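Open the model in your viewer and keep the sequence panel beside it. The stops below go one selection at a time.

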Amino acid sequence: MMIFVLFVCRISNVLLCNVTDRVSFWFVVTDSSKNVTTVPGSEVEAAIRMNRNRINNAFLLSDKTLQFLKITSTLSPPVEPSTPVWLIVFGVVLCLIVAGIVFLIVSGIQKHKKKNKESTERENLEEKVEVTLENGIPCEALDIKAGHINGVFAADDDRFTSL
Amino acid sequence: GFLIPYLIMLIAEGMPLLYLELAVGQRMRQGSIGAWKIISPYLCGVGVASVVVSFFLSMYYNVINAWAFWYLFHSFQDPLPWATCPLNSNRTGYEEECEKTSSTQYFWYRQTLNISPSLEASGSVQWEQALCLTLAWLVVYLCILRGTASTGKVVYVTASLPYCVLIIYLIRGLTLHGAVNGLVYMFTPKLEQLSNPKTWISAATQIFFSLGLGFGSLIAFASYNEPSNNCQRHAIIVSLINSTTSIFASIVTFSIYGFKATFNYESCINKVILLLLNAFDLEEGSLTADNLSEMKDYLMATYPQEYAQLAPQIKNCSLEAELDTAVQGTGLAFIVYSEAIKNMEVPQLYSVLYFFMLLMLGIGSMLGNTAAILTPLSDSRVIASRFPKEVISGVVCFMNCIIGLIFTTEAGNYWFDIFNDYAATLSLLLIVLVETIAVCYIYGIRRFEKDLYTMIGHKPNWYWKIMWAFVSPLLIISLFIFYLTDYILTGTLQYQAWDATQGQLVTKDYPGYALAVIGLLVASSTMCIPLGALVTFVRKRLKRE
């Protein structure tokens with residue numbers, strides 16, 4: 001039971017009245033040290049507010065199932081970590097995506113450089129070795145580049161499947 | 001109830017038009033701009049209009065992915081942030097706005113969007129949403145970086161994963177309490193709904209969007225097919241698979257919807273029971289859901305005065321009303337599902353799964369859209385010769401991201417609704433109408449028949465011909481007439497604004513500049529078609545002279 005600074009409260013100090021069919025009742029707490037006067041309501045309310053948890057547990061109830069009229073329960077705030085969780089997940093995903101983009105771009109640039117180096121090497125080779133020419137274009141060049149558009153046939157653009 | 005219009009529209013519109021677009025692409029062997037040039041040089045505007053529509057779509061669609069990311073990142077907490085209301089300043093109760101509406105709606109409108117009371121009050125850019133939007137665009141850039149080759153591989157994942165998640169949700173959804181109510185609701189046809197033309201309109205637009213007609217992407221993809229490919233069979237198979245998936249997804253949706261409605265209905269009843277028990281000091285257990293109505297009558301007769309005092313607080317709980325609650329717009333996917341998920345066991349798992357699936361679907365759509373924009377850009381030799389395709393994709397993504405920041409402001413959701421409702425719908429209808437009329441009447445249906453004969457080996461039977469020549473154009477024209485009459489009758493266009501003081505949506509009129517933007521959106525894509533015809537006409541006259 002509640003321990004008051006002023007006196008020790010016992011079960012005999014709590015008086016019930018107005019008991020109904022419903023499990024609900026009114027009660028007052030008497031102060032036995034002063035001639036059967038009741039403890040003022042505000043003090044009882046304050047005491048209940050402080051010890052709400054213990055009362056709930058005694059009845060195996062919760063704030064939702066045990067209601068004290070006129071005493072609104074102090075709701076516990078939700079636990080908030082110092083950094084919001086979503087920022088952490090966001091940071092992880094962002095790093096992964098950026099890493100992927102950088103990797104793809106860099107590998108693309110490397111491939112491009114390799115292609116350029118190969119074509120300059122081939123050109124150096126061509127100057128030393130005799131190559132078969134066809135209409136003035138070396139055969140290897142035709143293989144490296146993705147096909148030349150022959151100017152005669154290119155006039156009719158509509159024929160080609162645009163991608 | 002939606003099933004009947006949906007299936008009818010599919011057979012009358014979806015399949016014939018899909019077949020038409022596939023056949024055109026396969027025969028002309030070119031992307032959308034080139035293919036229409038071949039059919040008639042005056043129709044080059046049709047392809048351009050498709051590209052413009054795709055451009056508008058890509059501007060606003062990625063915001064949905066940003067929201068999906070936001071919810072996904074917030075799913076890793078216990079309890080889920082939308083499960084409970086935040087407390088007010090002196091910790092005696094919940095926040096006022098959250099009390100008036102539900103916690104999931106509060107999370108959507110206040111903590112995700114931080115929505116302003118009207119379109120005019122623009123507010124500032126929400127940095128959290130801007131971050132998520134940037135991330136969404138980075139993901140899209142990663143997928144389209146290497147061109148269509150890499151996009152093809154990504155689509156394997158984005159297309160198959162949603163099916164797995166849907167199956168998991170189907171099992172979970174059907175085992176939920178109250179799921180049957182939702183399913184019954186879905187399959188019972190409602191005659192008043194069927195007589196309302198709006199249902200048919202939404203069924204038609206839904207078919208258009210889910211099949212992707214009018215965007216030009218179908219023609220482009222079909223142009224890669226072999227000429228002897230049996231596109232008739234493919235059209236039928238694709239549209240059937242598409243609809244089966246839609247129906248499958250809606251079974252999942254409605255079972256979860258039924259669970260949510262039943263849950264809300266039962267909590268409403270419990271609240272009423274508690275209220276009556278408290279007021280009349282009755283014994284616990286004397287009032288149950290079954291005898292509630294009789295007990296209410298009894299109490300009304302025995303204690304008329306007290307009952308009359310209580311009457312305004314006693315709500316009439318109805319399961320039908322819960323099932324009928326129409327949630328508007330894209331908020332539907334987020335509000336309804338997050339509300340259902342928070343009541344399940346292990347909600348974090350289901351939340352992560354659901355929003356991941358939503359992301360996959362959204363990114364898949366974005367890839368198609370951006371591909372539709374990038375292909376003409378990288379084909380035009382002016383641009384492609386100077387910049388490599390990584391740079392072009394990067395510039396497009398960056399520009400779209402900057403424009404998309406508008407949708408992350410406090411009034412951003414209202415602008416989003418404008419784009420969502422007006423950017424694509426009317427223009428697509430017009431494009432598809434022009435396509436059907438062009439193929440049937442300008443190109444000639446007999447010539448088209450012969451082309452199909454050379455490609456597939458048999459002529460299309462009378463069903464297809466009647467659909468192409470008469471039914472589909474008539475349907476589309478009637479849709480148009482309906483939209484226009486609806487606009488003329490209501491006088492001005494209206495939108496739903498969130499009122500924080502009441503905790504619900506209210507209807508407001510669009511201000512002048514918003515109407516101008518709507519007009520611009522619709523005009524810029526539809527005007528391409530006559531402009532293209534005009535430009536070709538002028539060019540031909542100049543050439544002759």
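Select Asn229(B) and show its side chain. In this predicted model, Asn229(B) has a relative accessibility of 16%, and since buried means under 20%, Asn229(B) counts as buried. Colour the backbone around it by secondary structure: Asn229(B) sits in the loop that links helix 11 (217–222) to helix 12 of chain B. Next, display what touches it. With neighbours within four places in sequence set aside, the residues in contact with Asn229(B) are Gln26(B), His234(B) and Ile456(B).

From that loop, move on to helix 12 of chain B, which spans residues 231–280. Select helix 8 of chain B, residues 179–187, along with it. How close do the axes of helix 8 and helix 12 of chain B come, and at what angle do they cross? They come within 6 Å and cross at roughly 125°. An angle of that kind falls outside the parallel, antiparallel and perpendicular ranges, so helix 8 and helix 12 of chain B are oblique to each other. The crossing of these two helices is right-handed.

Now show side chains at the crossing, one helix after the other.

- On helix 8 of chain B, select Ala179(B), Asn181(B), Gly182(B), Leu183(B), Tyr185(B), Met186(B) and Phe187(B), which make its part of the contact.
- On helix 12 of chain B, the contact is made by Ile247(B), Ser250(B), Ile251(B), Phe254(B), Ser255(B), Gly258(B), Phe259(B) and Thr262(B).

Colour this selection by residue class. The residues of the contact between helix 8 and helix 12 of chain B comprise nine nonpolar and six polar, with no charged residue.

Hide chain B and turn to chain A. Its secondary structure consists of four helices and five strands. Traced from the N terminus, the elements of chain A follow the order β-β-β-α-α-α-β-β-α.

Select helix 3 of chain A, residues 85–128, and pick out Leu96(A) within it. Is Leu96(A) buried or exposed? Its relative accessibility is 60%, so Leu96(A) counts as exposed. Draw a distance from the C-alpha atom of Leu96(A) to that of Ala46(A): the two residues are 50 apart along the chain, and the separation is 54 Å.

Finish with a surface on chain A. The accessible surface of this chain comes to about 13,100 Å², and 61% of that belongs to carbon and sulfur atoms. Chain A has 163 residues, of which 18% count as buried. Among its contacts between residues at least 6 apart in sequence, 17% join residues at least 24 apart.

Conventions: Residues numbered from 1 in each chain as written. Chains lettered and ligands numbered in written order. Predicted model: local features only at pLDDT ≥ 70, side-chain atom pairs only at ≥ 80, totals over all residues. Heavy atoms only, no water. Axes fitted to C-alpha atoms, helices over the stretch in contact; angles between N-to-C directions. Parallel < 35°, antiparallel > 145°, perpendicular 65-115°, else oblique. Left-handed = near helix turned anticlockwise from the far one by under 90°. Contact = heavy atoms within 4.5 Å. Nonpolar A, V, L, I, M, F, W, Y, C, P; charged D, E, K, R; others polar. Buried < 20%, exposed > 50% of the residue type's maximum accessible area, 1.4 Å probe, protein only. Areas by Shrake-Rupley, 256 points an atom, 1.4 Å probe, with all protein chains shown as cover.
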